[in-house]
Amino acid sequence: MTSKWDARFIRLAREIASWSKDRSTRVGAVIVAEDKTPSSYGYNGFPRDIDDDAAERHERPDKYDWTEHAERNAIYNATRTGQTLLNNTIYVTHIPCPDCARAILQVGIKNVVVDKASVSDDDFQARWDEKGQFSERMFNEAGVKMSYAEALSEDDIRGE
């Protein structure tokens with residue numbers, strides 16, 4: 001069952017994903033401290049000061065060299081302000097790739113909560129399912145808990 005906090009932070013990750021200019025898949029991430037205080041956020045996009053309006057940079061495979069993933073952007077944003085992420089939880093709209101999984105492990109994040117709706121994203125699954133399975137193996141081996149949550153409405157959370 002999805003907790004009210006998991007539902008809220010998945011909804012927030014979805015909102016942050018909407019800020020991405022990616023033309024195929026918008027991904028958002030929110031990192032939350034143990035006391036439920038949001039620490040950092042990120043979305044997939046080009047690095048700071050890089051022209052993200054150049055159409056050719058959005059085409060595969062070149063876009064992969066221009067784009068930073070949401071999870072690592074959230075981690076980088078936290079480091080810019082000197083925040084520790086040790087024992088935090090990261091809420092993501094899609095399962096992290098192996099590169100992001102390694103970053104999550106390296107900074108000491110202990111919980112990964114993935115938007116359950118991403119499982120039904122056939123286009124994303126076709127491109128990333130194998131990598132997601134690899135990430136899940138890493139999380140399991142490192143003792144990082146990974147779960148799925150639904151982005152319930154506030155009315156559903158309150159039971160109205």
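**Exercise 1.** Classify F46 as buried or exposed, then describe its pairing with W66.

*Solution.* Step 1: F46 has a relative accessible area of 14%, so F46 is buried (buried means under 20% relative accessible area, exposed over 50%, partly exposed in between, with a 1.4 Å probe and protein chains only). Step 2: W66, at 29% relative accessibility, is partly exposed. Step 3: the ring centres of F46 and W66 are 6.1 Å apart and the planes stand at 35°, so this pair is tilted (rings of Phe, Tyr and Trp, the last by its six-membered ring, pair if their centres lie within 6.5 Å; planes under 30 degrees apart are stacked, over 60 edge-to-face, the rest tilted). Step 4: F46 belongs to the loop between β2 and α2 (62-66) and W66 to helix α2, so the pair ties together parts 20 residues apart in sequence (helices, H or I of at least four residues, and strands, E of at least two, are DSSP runs numbered from the N terminus).

The model is predicted: local features need pLDDT of at least 70 and side-chain atom pairs pLDDT 80 or more, while totals for chains, interfaces and linings use all residues. Residues are numbered from 1 along each chain as its sequence is written, and side-chain values use heavy atoms, without hydrogens and water.

**Exercise 2.** Which residue has its charged end over the ring of W66, and which lies over the face of W5?

*Solution.* Step 1: over W66 sits the charged end of R57, 3.9 Å from the ring centre (the criterion is NZ of Lys or CZ of Arg within 6 Å of the ring centre and within 35 degrees of the ring normal). Step 2: over the face of W5 lies R8, at 4.9 Å from the ring centre. Step 3: W5 is also part of a cluster with F9 and Y91, linked by ring pairs.

**Exercise 3.** Trace the strand pairing around β4 (residues 111-115).

*Solution.* Step 1: four of the five residues of β4 are buried. Step 2: β3 (residues 89-92) runs parallel to β4, joined by four bridges (strands pair if DSSP finds at least two bridges between them); here I90 has V112 as its bridge partner. Step 3: with helix α4 (residues 98-107), β3 and β4 form a right-handed β-α-β unit (right-handed: with the strands pointing away from the viewer, the path from the first strand over the helix to the second runs clockwise). Step 4: β4 pairs with β5 (residues 145-149) in the parallel sense over five bridges, and V113 has S147 as its partner in β5. Step 5: the chain passes from β4 through helix α5 (residues 122-142) to β5 in a right-handed β-α-β crossover.
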